[in-house]
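I'm opening a fresh notebook page for this one. Below is what I'm looking at, and after that come my entries in the order I looked things up.

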Amino acid sequence: MVHKVAVIGAGPCGLTSVKACLDEGMEPTCFESSDDMGGLWKFKEVSEPNRASIYRSLTINVWKEMMCYSDYPIPADYPNYMHHSKILKYFRMYADHFKLLQYIRFQTKVKSVKQRPDFSRTGQWDVVTETRDGYEENHIFDAIICCTGHFNYPNLPLKDFPGIETFEGKYFHSWDYKGPEDMHGKRVVVIGIGNSGGDIAVEGSRVAEQVYLSTRSGAWVIRQVSDNGLPVDRFNTRFVHIMFRLLPMRFLNWLGEKKLNSMYDHAMYGLKPKHRLFSQIPVINDDLPFRILSGSVIVKPNIKEISGSTVVFDDGSTAENVDLIVFATGYNYDFPYLPKNAIYKSGHRIGLYKHVFPPNLEQPTLAIVGFIHSDGAIMPQAEMQARFVTRVFKGDKKLPSNQAMIKAVENDTKKIAKNYVVSKLTPLQVDLVEYMDDLAKDIGVQPNLLWLFLTDFPLFKKVLWGPVTAYQYRLMGPGKWEGARKAIFTQYDRITVTISRVTYRYTL
C-alpha cells in the first residue's frame with residue numbers, strides 16, 4: 001500500500017501532484033531545488049543551469065479558463081492571457097488555498113532515485129537528497145512522481161551551422177534570453193520559428209536595426225484574438241472534437257489552412273510550412289505577421305553557413321554585418337536522477353504507458369507527470385495525470401501487465417509518428433481532449449453526455465458546445481467539486497471582466 005510519496009519539483013505539475021496525493025490520503029514530500037515554487041514560471045534575471053528559464057515579457061498563449069486547475073478557477077479580474085507574474089501569483093493562491101506549502105522542502109535537490117533491494121515485492125525507492133548547504137539525506141518512499149519538466153536542457157546544435165566558429169558577434173540560446181536590451185540598433189538573426197523564436201523576433205524587431213527569422217520548415221501561425229474578439233481557445237470544444245473524428249483529416253487541414261491564409265497568405269509571408277496544419281502544434285503570435293509586413297522581421301530559410309559577420313541562407317541570400325544570433329532551437333530532456341533501468345525507450349523517445357508510467361517496472365510506483373506536449377496548457381493535463389497516478393498508487397486502478405503496457409506504448413509511438421511531425425526533441429505528443437478524456441475515463445470522471453442530456457440539458461449544451469475546460473472533469477465521479485457547474489456557466493463572463501467598461505454577457 002502506497003503511503004509516502006516523493007514529488008520531485010514544485011512547478012505546476014508538482015503542485016497539483018502534491019494535492020492529488022493529499023486528496024487520496026497519502027503523505028507527499030515535495031523536493032524543490034530552488035528557493036520558490038512555480039518551476040518554469042518563476043522568472044529570474046539570470047538563468048540557472050539545468051532549470052527552465054523564461055524572458056521578462058513572457059505572456060502565456062493559452063486562455064486562462066483553459067489553463068487553470070479544475071477545482072480552482074483563476075480570479076475573474078485576471079487577464080485572459082496572463083503575464084508570467086500573474087501565473088505565479090495564481091500558483092501561490094492555489095498552494096495557499098489547498099495548504100500545500102507545508103509539504104514542500106525548498107532548496108533541496110534530488111541526487112538519485114533507486115529501487116530498493118526488495119522493490120519487486122514492496123515497490124519502494126531509496127532517495128538521496130542534498131540541501132543547498134551540501135547536507136545529504138537518505139529517504140525511503142513508497143512511490144515517486146517526477147515533475148521536472150522538459151525545458152531544462154537547451155539544445156544548441158552548433159555542428160549544424162558550418163562556420164559558427166568564425167562568427168564575429170555574440171550568440172546564445174533562447175534559454176538565456178531575458179529581454180531585447182542587447183538588440184538595440186543591432187542586426188539580429190533568430191534561428192527557429194517556435195513560439196519562443198516568434199516572440200523574440202517580434203520583441204527584438206522593435207529596437208533592432210533588422211531582425212531575420214530563419215526557419216528550416218516554416219510554421220502555421222494563428223492569432224490569440226480570434227473571431228468576434230474571443231480567445232482562440234474558446235473554439236476547442238467537444239463538438240469540434242467530434243467533427244475531427246467524423247471528417248477526413250485532409251478536409252479539416254484544407255479548411256483550417258484556408259481560414260489561416262484568409263488572414264494572411266502564409267506562402268507570401270514566407271511562413272508556409274512543409275507540413276499540414278494539424279500535424280504539428282502551430283505558432284501562436286498575433287504580432288508576427290505585422291512585423292513581417294512592416295519589414296522589421298524578414299523571414300529566411302535555413303542557414304547554409306556563417307562566415308565572419310555574414311550569414312548565408314539556403315536560398316543564396318545573405319544577411320550582412322550580423323551582430324547577434326539567437327538559437328531558438330528547442331530543448332533536450334533528461335531525468336538524471338533516475339536509474340537507467342527505469343527508462344523505457346520507444347523509438348528515439350522515452351516510452352510511458354498513458355504517457356505517465358514506465359511500462360517495464362515490476363511495480364507501478366514511479367510516474368512522470370507533465371512530460372507531454374499538446375495544443376493546451378500543461379496545468380489541467382498534469383492535474384489529470386496526477387489524479388490518475390494517485391488512483392493507481394492507492395490501488396483503485398490496476399494497470400495492465402508489463403507486456404500489455406509495452407505493446408500500448410509501441411502503438412502510441414506509431415500513432416504519434418503517423419499523426420504528427422516529430423523529432424528527437426519532441427516529448428510525447430497528445431491531442432488535448434482525446435488525452436484528457438482517456439485518463440478521465442480511467443479515473444471515472446469523464447462527463448457523461450447522454451446523462452447530462454437527460455438530466456441537465458442546459459449543462460449538456462455548455463459541455464458539448466463550450467470550450468473543454470478542466471471544470472468538466474469535476475462534475476461527477478471521484479473528486480467531484482460542487483462549484484464545477486457554476487464555473488462552467490460563468491466562464492464566458494470572465495472573458496469581459498478585464499476588457500469591458502460595461503457589464504457584458506456572452507451567450508452561447
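**Entry 1: a salt bridge to start with**

I began with Arg-474 and Asp-71, whose side chains meet in a salt bridge, 3.5 Å from N to O. I should jot down right away that this is a predicted model.

Where do Arg-474 and Asp-71 sit in the chain? I found Arg-474 in the loop between H13 and H14, while Asp-71 is in the loop between H2 and helix H3 (84-97). That puts the partners 403 residues apart, so I noted the pair as a link between distant parts of the chain.

Next I asked whether Arg-474 is buried or exposed. Arg-474 has 4% relative accessibility, and buried means under 20%, so it counts as buried. Asp-71 comes out at 10%, so it is buried too.

I then followed the charges outward from this pair. Arg-474 and Asp-71 belong to a network of salt bridges that also takes in Lys-19, Asp-23 and Glu-383. For the whole structure, my search gave 33 salt bridges.

**Entry 2: two more bridges**

I picked Glu-181 next and found that it forms a salt bridge with Arg-56, with the closest N and O atoms 2.6 Å apart. This pair also links distant parts of the chain, 125 residues apart. Glu-181 is in the loop between strand S9 (170-173) and strand S10 (187-191), and Arg-56 is in the loop between strand S2 (27-32) and helix H2 (64-67).

Here I got another answer on burial. Glu-181 has a relative accessible area of 44%, which makes it partly exposed. Arg-56, at 30%, is partly exposed as well.

My other pick was Glu-136 with Lys-111, whose side chains meet in a salt bridge at 2.7 Å, N to O. This one runs between strands: Glu-136 is in strand S6 (residues 136-141) and Lys-111 in strand S4 (residues 108-115), 25 residues apart. I have Glu-136 down as partly exposed at 41% relative accessibility, and Lys-111 as partly exposed at 37%.

**Entry 3: how the chain divides**

How is the protein chain divided into domains? I noted domain 1 as 4-152 + 332-443, so written in two pieces, and domain 2 as 156-329. The contact takes 38 residues from domain 1 and 26 residues from domain 2. Taken over C-alpha atoms, the two domain centres are 29 Å apart.

I wanted a size for the interface. The size of an interface is often given as the accessible area lost when the parts come together. For domain 1 and domain 2 I wrote down about 2,400 Å² buried between them, with 50% of it on carbon and sulfur atoms. Which residues of domain 1 lose the most area to domain 2? They are Tyr-55, Asn-61 and Tyr-81, which together make up 27% of what that side buries.

Then I counted polar links. Between domain 1 and domain 2 there are two salt bridges, and 18 residue pairs are in polar contact across the interface. On the domain 1 side, helix H11 (residues 432-443) supplies the largest share of the touching residues, namely four. Sorted by class, that side has 18 nonpolar, 11 polar and nine charged residues.

**Entry 4: a helix and what it packs on**

I went back to H13, which I'd met as one end of the Arg-474 loop. In helix H13 (residues 457-465), the buried residues are Leu-459, Phe-460, Lys-462, Val-463 and Leu-464. I asked what they pack against, and found helix H6 (238-246), helix H12 (449-455) and helix H14 (484-489).

**Entry 5: odd spots in loops**

Ser-296 lies in the loop between helix H8 (288-293) and strand S14 (297-300). Ser-296 is buried, with a relative accessible area of 14%. Leaving aside neighbours within four places in sequence, I listed its contacts as Ser-205, Gln-210, Val-211 and Arg-291.

Two positive phi values caught my eye. His-355 is not a glycine, yet its phi is positive at about 60°. His-355 is in the loop between strand S21 (349-350) and strand S22 (366-368), and it counts as buried at 7% relative accessibility. Asn-321, also not a glycine, has a positive phi near 55°. I placed Asn-321 in the loop between strand S17 (318-319) and strand S18 (324-327).

How values were computed
Residues numbered from 1 in each chain as written. Predicted model: local features only at pLDDT ≥ 70, side-chain atom pairs only at ≥ 80, totals over all residues. Heavy atoms only, no water. Contact = heavy atoms within 4.5 Å. Buried area = accessible area lost by both parts, 1.4 Å probe. Salt bridge = Lys/Arg side-chain N within 4 Å of Asp/Glu carboxyl O. Polar contact = N/O pair within 3.5 Å; in protein donor to acceptor, adjacent residues only side chain to side chain. Nonpolar A, V, L, I, M, F, W, Y, C, P; charged D, E, K, R; others polar. Buried < 20%, exposed > 50% of the residue type's maximum accessible area, 1.4 Å probe, protein only.
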